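Trainee: I should like to look closely at how oppositely charged side chains pair in this protein, and at what surrounds them. Could you take me through that part in detail?

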Amino acid sequence: MEHYDGEIPAKRPKISDAGDGGSEDRLSALPEDILLNILLKLRNASVAARTSVLSSHWRRLWTLLPRLWFDPTTDPHGIRAALISLEAQVLRGLRVDLLDASSESVAVWLPIAADRLSGSLFITAARRNETEEDEAAERGDLELPCFENAISIRLELGYLGLAVPPSGVFARLTSLFLACIHLRGPCTLGDVVSSQRCPALRKLTVDNAWGLDNFTIHSDSLLQIELKNLQPDDTLGLGNFSIHSESLKQLDLTNLYGLQQLTVMAPTLILLNVTCCFASSQSHIQPVAEISAPQLKSLGWWNHYDPRFEAVDEDPEGGPLELPCFENAISIRLELEYQGLPVPPLGIFARLTHLFLACIVLRGPCMLGDVVSSPRCPALRKLVVRDALGLGNFAIHSNSPTNRAKPSAWIAAAHCCGASTQTVRCDVMLY
């Protein structure tokens with residue numbers, strides 16, 4: 001084809017042409033680590049394996065990949081064959097995306113992965129039809145083998161049944177994330193994630209799960225636990241949750257439906273959030289919480305009012321929640337759905353800077369104003385009280401040192417009434 005000026009362009013040489021007119025495979029001549037990085041960028045182990053047809057040099061190259069990623073189109077026997085063929089000294093990462101997979105199809109390759117993996121495991125199991133209630137049961141229960149050398153495990157199983165291994169030690173596991181699962185016996189998750197079998201575990205997250213009733217854990221390595229959106233196997237609720245840890249720093253509990261008893265013994269706990277955990281149960285047993293966390297700095301407690309536990313004044317065992325003195329707390333936020341709250345008559349909140357109280361019924365004999373004044377809250381910067389009963393004759397004296405450009409304490413009180421119209425029974429105790 002001619003250019004606009006009538007000249008015929010010179011033929012562009014091929015990339016593979018050598019200067020002397022011969023042919024050369026310049027791509028294959030690149031260092032092996034660069035070629036492996038190119039294959040990793042594909043994010044598809046099946047596609048990477050197809051490069052073996054290019055030349056003898058490429059035939060075994062994909063087997064040296066330190067990380068493998070399989071998409072939903074990969075046959076389970078193909079995943080197994082790839083894992084067996086792997087020649088890499090260490091498999092640092094394995095991700096498998098599944099679609100409508102059965103437990104039997106996953107069991108074809110998962111034990112091989114447990115033997116080979118020395119890094120992170122990520123499995124997602126999506127479903128085409130999310131409305132079929134019996135679909136997960138039809139797919140069977142997946143038996144998780146023990147990954148002795150795995151560092152991180154993340155399983156999002158589309159409510160596939162999961163049976164945790166009854167024996168073995170996850171010696172190097174530091175992070176475990178489980179979502180959309182139905183836990184099965186005979187072994188409980190609490191037994192697996194405790195220190196004897198997960199001695200290095202730092203972070204545990206369970207989200208959208210069934211079968212975690214009566215969860216108990218003893219760990220001296222965990223730093224963070226997050227449990228949310230947990231459903232009980234029956235109408236009686238999740239039962240009793242017991243968490244004992246000498247190392248735990250942060251605990252977040254959200255939507256634990258029908259929790260009946262919460263026990264936390266964590267001497268190093270700094271942050272505790274409990275949200276919507278003690279309602280939505282058919283049980284008529286009054287929920288109880290026992291918390292021992294002397295180093296706690298931030299407390300968030302949001303729970304719905306349950307009219308079944310409305311107190312009768314002459315009941316000697318009933319009574320409102322008694323707030324203890326948190327000497328080391330920095331922030332406290334309580335939304336109690338009109339549960340009674342007597343503030344502590346003694347003690348100094350020496351480090352408290354933020355206090356938020358909502359939907360509460362304040363009780364005597366000690367007044368809130370006495371507690372939040374400078375002698376007992378010398379560092380308080382912000383006080384918020386909303387939708388409260390029992391704040392009549394409120395008086396506060398605060399001289400907390402702060403920036404001169406701001407008032408000594410920012411106070412907001414909205415919709416507060418002086419009279420108490422109801423008493424809510426609650427045996428939740430913090431000590």
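Trainee: How many salt bridges does the structure hold?

Mentor: The structure holds five salt bridges, each being a Lys or Arg side-chain nitrogen within 4 Å of a carboxyl oxygen of Asp or Glu. This is a predicted model, in which local features need pLDDT of at least 70 and side-chain atom pairs pLDDT 80 or more, while totals for chains, interfaces and linings use all residues. Numbering runs from 1 along each chain as its sequence is written, and side-chain values rest on heavy atoms, without hydrogens or water. As background, side chains of opposite charge can pair when their charged atoms come close.

Among the five is the pair Arg95 and Asp97, whose closest N and O atoms are 3.0 Å apart. Arg95 has a relative accessible area of 25% and is therefore partly exposed, whereas Asp97, at 13%, counts as buried (buried is under 20%, exposed over 50% and partly exposed in between, for a 1.4 Å probe and protein chains only).

Arg95 also takes part in the lining of the largest pocket, where Arg95, Arg43, Arg67, Leu68 and Trp69 lie nearest the centre among 20 lining residues. A pocket here is an open set of points on a 1 Å grid over the protein atoms alone, where a 1.4 Å probe fits and protein lies on both sides within 12 Å along at least five of seven lines; lining residues have an atom within 4 Å of a point. At least two lining residues come from each of helix 1 (32-41), helix 2 (45-50), strand 1 (67-70), strand 2 (91-99), strand 3 (117-126) and strand 5 (152-163). Helix 1 supplies the largest share, four residues. Helices (H or I, at least four residues) and strands (E, at least two) are DSSP runs numbered from the N terminus.

A second pair joins the side chains of Lys228 and Glu226, with an N to O distance of 3.3 Å. Lys228 is partly exposed, because its relative accessibility is 24%.

A third pair is Arg333 with Glu335, at 2.9 Å between the closest N and O atoms. With relative accessibility of 32%, Arg333 counts as partly exposed, and Glu335, at 22%, is likewise partly exposed. Both partners touch Phe356, which is also in contact (heavy atoms within 4.5 Å) with Ile332, Leu334, Val384 and Arg386, leaving out residues up to four places away in sequence. Phe356 belongs to strand 17 (residues 354-363) and is buried, because its relative accessibility is 10%. The C-alpha atom of Phe356 lies 9.2 Å from that of Gly300, although the two residues are 56 apart along the chain.

Turning from charged pairs to cysteines, a search of the whole structure finds zero disulfides, a disulfide being two cysteine sulfur atoms within 2.5 Å. For Cys276, the closest cysteine sulfur is that of Cys277, and the distance of 7.2 Å is too far for a bond. Cys276 has a relative accessible area of 22% and so counts as partly exposed; for Cys180, relative accessibility is 22%, also partly exposed.

One loop residue completes the survey. Ser194 sits between helix 7 (189-193) and strand 7 (203-210) and is buried, with a relative accessible area of 11%. Apart from neighbours within four places in sequence, Ser194 contacts Thr216, Ile217 and His218.
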